[in-house]
Amino acid sequence: MTVIAVFNQKGGVGKTTTALNLLAGIAQRKQRPLGIDLDPQAHLSSIFGAHPRLADDSVYSFFIRQRPLADIAQITASGVIMCPGHLELTKLDTLLGKGVNVVTRLRASLKAADAMPGHVVIDCCPLLGVLSLNAIFACDLVIIPVSADYLALQGAQQVERSLNALEPVFKHRLPRRYLLTRFDARRKMSSEVADLMAMAFRPGEICATRIAENVSLAESPARQLDVFRHAPQSRGARDYLALVEELVGAGLVT
């Protein structure tokens with residue numbers, strides 16, 4: 001089992017799109033991954049058709065009442081198990097603080113002997129608060145989407161600094177991959193951002209796969225579909241399948 005956190009400290013970079021299609025891409029391999037939505041906007045939950053009316057039916061109750069993840073999980077039409085988010089997650093920083101037992105709560109659950117099997121993909125909120133810290137402490141790999149613009153790159157560099165600052169706590173370098181999204185080879189800025197990424201990050205930590213700007217990727221969330229269900233022959237589907245294969249080839253996903 002691999003736990004993957006999808007995180008960038010800037011919104012609008014393709015974070016939820018990546019979590020969505022990474023989950024669906026793993027499901028294409030005849031596996032049943034678990035998605036955990038730690039973004040209070042709960043867009044990932046909505047796309048998968050998980051709409052908890054009450055906060056108690058979301059991951060909010062996992063943190064507040066220590067309700068087992070299995071109790072709130074839903075099986076979706078994409079073959080993904082979903083633990084949905086809720087707007088009430090915005091209150092957790094105030095209610096829980098950032099003590100060690102709080103920020104490692106998700107890790108303890110996912111590493112427990114009775115944890116649900118299968119790979120896990122966590123959609124993080126853009127803020128480095130109790131939710132994102134739970135994801136980072138729980139994960140085996142952080143994927144940082146970087147849309148092909150300069151502000152997204154700055155957000156990714158802030159993630160790099162944040163992860164490096166946590167390194168003494170982990171006592172090792174947390175595996176990470178920077179993923180260039182919304183790439184358009186016809187745009188000069190796309191190539192410039194790719195070149196800047198090569199200078200800003202370690203070469204082995206930049207994904208070879210680039211997610212091209214694609215109409216199908218933009219359309220599918222509005223139809224509450226992953227790209228494989230919406231347009232299986234599209235460039236977007238091929239790109240995300242290539243990403244899964246790259247992670248498998250690197251031994252990061254089995």
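**Two helix pairs in a predicted model**

Author: In this predicted model, helix 8 (residues 130-138) and helix 9 (residues 150-170) have axes that come within 12 Å and cross at roughly 55°.

Reader: Why is helix 8 called oblique to helix 9?

Author: The crossing angle is roughly 55°. Roughly parallel needs an angle under 35 degrees, and roughly perpendicular needs 65 to 115. The angle fits neither range, nor the one over 145, so helix 8 is oblique to helix 9. The crossing of this pair is right-handed.

Reader: What makes the contact between helix 8 and helix 9?

Author: Helix 8 brings Leu133, Ile136 and Phe137. Helix 9 brings Leu163, Leu166, Val169 and Phe170.

Reader: How many residues of each class does the contact of helix 8 with helix 9 have?

Author: Seven are nonpolar, with no polar and no charged residues. Leu, Ile, Phe and Val count as nonpolar.

Author: Now the other pair. Helix 1 (residues 15-27) packs against helix 13 (residues 235-249) with axes 9 Å apart, at an angle of about 70°.

Reader: What makes helix 1 roughly perpendicular to helix 13?

Author: The angle is about 70°. The range for roughly perpendicular is 65 to 115 degrees. The value falls inside, so the label holds. Helix 1 passes helix 13 in a right-handed crossing.

Reader: Which residues meet?

Author: From helix 1 come Thr17, Thr18, Asn21, Leu22, Gly25 and Ile26. They meet Tyr240, Leu241, Leu243, Val244 and Leu247 of helix 13.

Reader: How do you know which classes the contact of helix 1 with helix 13 has?

Author: Leu, Ile, Tyr and Val count as nonpolar; Thr, Asn and Gly count as polar. The contact has seven nonpolar, four polar and no charged residues.

Note on methods:
Residues are numbered from 1 along each chain as its sequence is written. This is a predicted model: local features need pLDDT of at least 70, side-chain atom pairs count only at pLDDT 80 or more; totals for chains, interfaces and linings use all residues. Side-chain values use heavy atoms; hydrogens and water are left out. Axes are lines fitted to C-alpha atoms, for helices over the stretch in contact, and angles run from 0 to 180 degrees between N-to-C directions. Helices (H or I, at least four residues) and strands (E, at least two) are DSSP runs, numbered from the N terminus. A crossing is left-handed if the near helix is turned anticlockwise from the far one by less than a right angle, and right-handed if clockwise. Contact means heavy atoms within 4.5 Å.
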